[in-house]
Amino acid sequence: MITIGVVMSSTYADDSSHFIRGLCSRAREKENINLIFFPGMLESDLSAGCADASSGHEESVLIADVLIISDAKILQKLLELPEGSFFSNVLEHIPYILMRDDAGHVLDQACALAQGQLFEPHKGGEDVFSSEEQEKESKRDSFERALEFAMKAHKGQVRKGSSIPYIVHPIETALIAMTLTRDQDIIIASLFHDIIEDTPYGAKEIEDAFGSRIAHLVQLESENKRKGQDASQTWKIRKQEFIDSLDLKSRDEKIIALSDKLSNMRATRQGYLKNDEKFWQRFHQKDKSMHAWYYRTVADKLREFEGTDAWQELDRLIQDVFED
């Protein structure tokens, strides 16, 4: 049984009876879907920064496997809720999509997402890395478009303590992800993993251009930078939060995390070999032992990948830099 929660703004609910009827009809046809509607979400409440916009439906929302959200405006308001608000926490852990005109496609997409699968209505749901030449061309076009987006987002940025363009890191992260999965959404999310965290672009721009699944994956990988606070003082808190989050991440999300950390460790090893102990002075955290703690703990949390070349390289680099 798949439980789908439908979060609706009051404005949209008034004009969407046809969509609701279609959604209910398709759900009955499938027989294994439980629909829960959460109507009456007021944009004015969200704009006012309402700390709890769940309208008393907390327990029902939390049993949902996936959420369908009525419109982009409400989604953006939910994403902007302050840390600790009910829906801001929910959207970190429950996948979501936006409503579209076709209730059948939305329902099928929601079911696929709830089961960790990719649904593409015009391709019959087949593997996005199909051997057909047309599919290969489509994949290349999507990745090239994503690469252009990432290069624009990171334009002018360089890697910490160097003159190397920052875009090198997300590209390398995506290439590592390609060795771990054939799922193009995960690969593009790996390319985008620092965009929300480090650029002016947010989840809304990614959602509009590349879809809700990629936006959601990037959001889950984004660190709370605690802007306005001393980064050196919050370093361990932020790293501990990431470590703790690995216990809740899906395998898809962990692929992005592993790819990111391996790319970072490659750069760390190169920088350390070139600069020796002076290397650590370029970071907010200047204690080498703390970096050792962080990377070793992350690698241990990702040990389910120990049979892969990526994890084995990460483990070897950690030993070379911190444990030899």
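Two strands pair if DSSP finds at least two bridges between them. The model used here is predicted.

**Exercise 1. Strand S3 and its partners**

Task: Work out which strands pair with S3, and in which direction S4 runs beside it.

Solution:
1. Take S4, residues 96-98. Three bridges join S3 to S4. The cut-off is at least two bridges, so S3 and S4 pair.
2. The two strands run parallel. Within this pairing, Ile69 stands opposite Leu98 of S4.
3. Now take S1, residues 2-9. Four bridges link S1 to S3, again in parallel. Ile4 has Val66 of S3 as its bridge partner.
4. Check the faces of S3, residues 66-69. Val66 and Ile68 are buried on one side. Leu67 and Ile69 are buried on the other. Both faces are therefore covered.

**Exercise 2. Thr3**

Task: Decide whether Thr3 is buried or exposed, and list what it touches.

Solution:
1. Locate the residue. Thr3 sits in strand S1.
2. Apply the cut-off. Buried means under 20% relative accessible area. Thr3 has 9% relative accessibility, so it counts as buried.
3. List the contacts, leaving out residues up to four places away in sequence. Thr3 touches Asn34, Ile36, Ile63, Ala64, Asp65 and Val66.

**Exercise 3. Helix lengths**

Task: Test the end-to-end distances of H15 and H16 against 1.5 Å a residue.

Solution:
1. The expected span is 1.5 Å times one less than the number of residues.
2. H15 covers residues 251-275, which makes 25 residues and an expected 36 Å. Its end C-alpha atoms are 35 Å apart, which agrees.
3. H16 covers residues 288-301, which makes 14 residues and an expected 20 Å. Its end C-alpha atoms are 20 Å apart, which agrees.
4. Look just past H15. Asp276 has a positive phi of about 55 degrees.

**Exercise 4. How H16 packs**

Task: Identify the helices that H16 packs against, then describe how H16 passes H17.

Solution:
1. Find the buried residues of H16. They are Met290, His291, Ala292, Tyr294, Tyr295, Arg296, Val298 and Ala299.
2. Those residues pack against H14 (231-245), H15 and H17 (309-323).
3. Take the axes of H16 and H17. They come within 10 Å and cross at roughly 160 degrees.
4. Angles over 145 degrees count as roughly antiparallel. H16 and H17 are therefore roughly antiparallel to each other.
5. Add the handedness. H16 passes H17 in a left-handed crossing.
6. Name the contact residues. H16 contributes Lys288, His291, Ala292, Tyr295, Arg296 and Ala299. H17 contributes Trp311, Leu314, Asp315, Ile318, Gln319, Val321, Phe322 and Glu323.

Methods
Residues are numbered from 1 along each chain as its sequence is written. This is a predicted model: local features need pLDDT of at least 70, side-chain atom pairs count only at pLDDT 80 or more; totals for chains, interfaces and linings use all residues. Side-chain values use heavy atoms; hydrogens and water are left out. Buried means under 20% relative accessible area, exposed over 50%, partly exposed in between (1.4 Å probe, protein chains only). Contact means heavy atoms within 4.5 Å. Axes are lines fitted to C-alpha atoms, for helices over the stretch in contact, and angles run from 0 to 180 degrees between N-to-C directions. Angles under 35 degrees count as roughly parallel, over 145 as roughly antiparallel, 65 to 115 as roughly perpendicular and the rest as oblique. A crossing is left-handed if the near helix is turned anticlockwise from the far one by less than a right angle, and right-handed if clockwise.
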